[in-house]
Amino acid sequence: MQNFPWLSTLQQTLSEQFAQQRLHHALLIEAGRGLGKREFVLNLAAGLLCETTGLIACGQCKSCQLFASGSHPDLFIAEEPEAKSIGVDLIRQVVNKSQTKSQLGRAKIFIIPDCEKMTEGSANALLKTLEEPGQDTYLLLTTESESRLLPTILSRCQKYKVAPPKLLEIQNWIKEQGIDFTDYSDVFELVEQAPLIALELVKTDFLTQHKRFLADFKLLITGRKSAFEFSLNFDDKHYERQLDWMVNAFNQWLKAKLKQEMTDANQAAKRLLLSDLTLLITTSRKQMLQSGSNKKLIYQSLCLSLEQKLR
Ligand SMILES: [Zn+2]
C-alpha cells in the first residue's frame with residue numbers, strides 16, 4: 001500500500017494493540033473523504049489475515065497472495081457497487097459468514113465501508129455480531145462522519161478519528177509521488193484537506209479547466225456573457241464539480257463584497273443574495289441527480305436564474 005503519513009500514527013497505535021492482544025474486534029475508522037480510509041482498512045485486513053505475526057502484511061504468504069488476487073475466502077466486503085444504502089440482506093451475509101469457520105484457519109475479516117449507509121434494519125441486524133463476533137473475527141467499519149451513525153453501533157465499536165493533514169504535509173506528500181507541481185493553492189482551496197483527491201486533480205488538467213470556468217463565470221455574472229452562451233460549457237461528466245465551482249466562486253465574491261460594504265443593511269442584503277444563489281444551485285443539483293433528468297436543460301435554466309438574480 002502507498003504510504004500515507006497522516007495515517008501512520010493510527011497504524012502504529014493499532015499495531016501496538018494487536019501485539020499486546022488488545023486490538024478491539026470492531027473498529028470504526030472515521031475520516032473525511034480523500035484521506036485513504038478505504039486503503040487503510042484494506043491494508044489492516046491484509047495484515048490481520050497474513051500468516052506472519054504482527055499487523056503488517058508480508059505480501060508473500062498464501063494469505064497475502066489470495067488477498068492480492070482479490071479472492072481471499074476469509075475477507076468479506078459488505079458493499080454493492082452503486083448502491084445508495086447497505087441493505088439488510090448484505091448485513092445478514094456478514095452475520096451468517098461470521099458464524100462459519102475461517103477457511104485458512106486464521107482471522108475472518110468483515111469490512112463495512114461507509115457504514116452510515118446501513119439502513120436502520122441493517123444496523124439492528126448487525127448489533128449482536130458487532131458485540132460478539134466470535135474467535136479471531138474482526139469487523140472494520142469506516143465512515144466520513146460518526147454523527148450519522150446510530151448510538152447502538154457507536155457504543156459497540158472502538159472509534160478512531162483521522163485528523164486531516166496540514167496543507168504543507170499534503171504538498172510534501174504530493175511531491176513525494178513524483179509530481180512536479182508548483183501552484184497548489186487553487187487545488188487546496190477547492191478540495192480542502194483531502195490529499196488523495198488533490199493528487200488526482202493535479203494529475204489532470206483540472207486546474208486549467210477550473211481557471212477557464214471561473215473566467216467564463218465572471219463574464220456571466222458581470223453581464224458580459226449571456227446565460228445561454230455560458231451554459232454551453234456544461235460538462236455531462238463533471239457537472240457536480242461545476243456546481244461546486246459556482247458555489248465556491250460566489251463565496252469568494254461575497255467575501256470581497258463584504259469588505260466593501262460598510263453598512264449592516266448592505267452586508268445583510270449581500271448575505272441574503274448569496275443564500276438565494278446557493279439555494280438555486282443546491283436545488284438544481286438535486287434535480288440533476290434524479291435518474292432520467294435532463295441535466296443540460298436544468299443547468300441552462302440554473303444559469304438563466306442566476307443571471308436574473310444578479311441583474
Ligand atoms: Zn503474508
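**Close-up views of helix packing and the sheet**

**View 1. Helix α7 crosses helix α9 in the right-handed sense.** In this predicted model, helix α7 spans residues 167–176 and helix α9 spans residues 195–203. Their axes lie 10 Å apart, and the two helices pack at an angle of about 50°. Because angles that are neither roughly parallel, roughly antiparallel nor roughly perpendicular count as oblique, α7 and α9 are therefore described as oblique to each other. From α7, the contact is formed by Ile-170, Trp-173 and Ile-174, and from α9 by Pro-195, Ala-198, Leu-199 and Val-202. Sorted by class, the contact of α7 with α9 comprises 7 nonpolar residues, with no polar and no charged ones.

**View 2. Helices α10 and α12 cross obliquely.** Two packed helices are described by the angle between their axes and the distance between the axes. Helix α10 covers residues 206–221 and helix α12 covers residues 239–260. The axes of α10 and α12 come within 11 Å and cross at roughly 55°, and the crossing is right-handed. On the α10 side, the residues in contact are His-210, Phe-213, Leu-214 and Phe-217. On the α12 side, they are Gln-242, Trp-245, Met-246 and Ala-249. The residues of this contact between α10 and α12 fall into 6 nonpolar, 2 polar and no charged.

**View 3. Helices α4 and α5 run roughly parallel to each other.** Helix α4 is made of residues 88–98, and helix α5 of residues 120–131. Their axes come within 8 Å and cross at roughly 10°. Angles under 35 degrees count as roughly parallel, and α4 and α5 are therefore placed in that class. Val-88, Ile-91, Arg-92, Val-94, Val-95 and Ser-98 of α4 meet Gly-121, Ser-122, Ala-125, Leu-126 and Thr-129 of α5. The contact of α4 with α5 divides into 6 nonpolar, 4 polar and 1 charged residues.

**View 4. Five strands form an open sheet with parallel pairing.** Strands of a sheet pair through backbone hydrogen bonds, either parallel or antiparallel. Across this sheet, the strand order is β2-β3-β4-β1-β5. The edge strands, β2 (75–77) and β5 (158–161), each pair on one side only. On average, neighbouring strands of the sheet are turned by 15° against each other, with direction ignored.

**View 5. Strands β3 and β4 pair within the sheet, and helix α2 packs on it.** Strand β4 consists of residues 137–143 and pairs with β3 in the parallel sense over 5 bridges. Thr-137 in β4 is the bridge partner of Lys-108. Helix α2 (residues 37–49) touches β1 (26–30), β2, β3 and β4. The direction of α2 makes about 170° with that of β4.

**View 6. Confidence varies along the predicted chain.** The mean pLDDT of the chain is 89, and 95% of its residues reach 70 or more. Among the elements of the chain, strand β3 (residues 108–112) has the highest mean pLDDT, at 98. The lowest mean pLDDT, 57, belongs to helix α8 (residues 185–191).

Terms used:
Residues are numbered from 1 along each chain as its sequence is written. This is a predicted model: local features need pLDDT of at least 70, side-chain atom pairs count only at pLDDT 80 or more; totals for chains, interfaces and linings use all residues. pLDDT is the predictor's confidence in each residue, from 0 to 100. Helices (H or I, at least four residues) and strands (E, at least two) are DSSP runs, numbered from the N terminus. Axes are lines fitted to C-alpha atoms, for helices over the stretch in contact, and angles run from 0 to 180 degrees between N-to-C directions. Angles under 35 degrees count as roughly parallel, over 145 as roughly antiparallel, 65 to 115 as roughly perpendicular and the rest as oblique. A crossing is left-handed if the near helix is turned anticlockwise from the far one by less than a right angle, and right-handed if clockwise. Two residues are in contact if their C-beta atoms, placed from the backbone, lie within 7 Å. Ala, Val, Leu, Ile, Met, Phe, Trp, Tyr, Cys and Pro count as nonpolar, Asp, Glu, Lys and Arg as charged, and the others, Gly among them, as polar. Two strands pair if DSSP finds at least two bridges between them.
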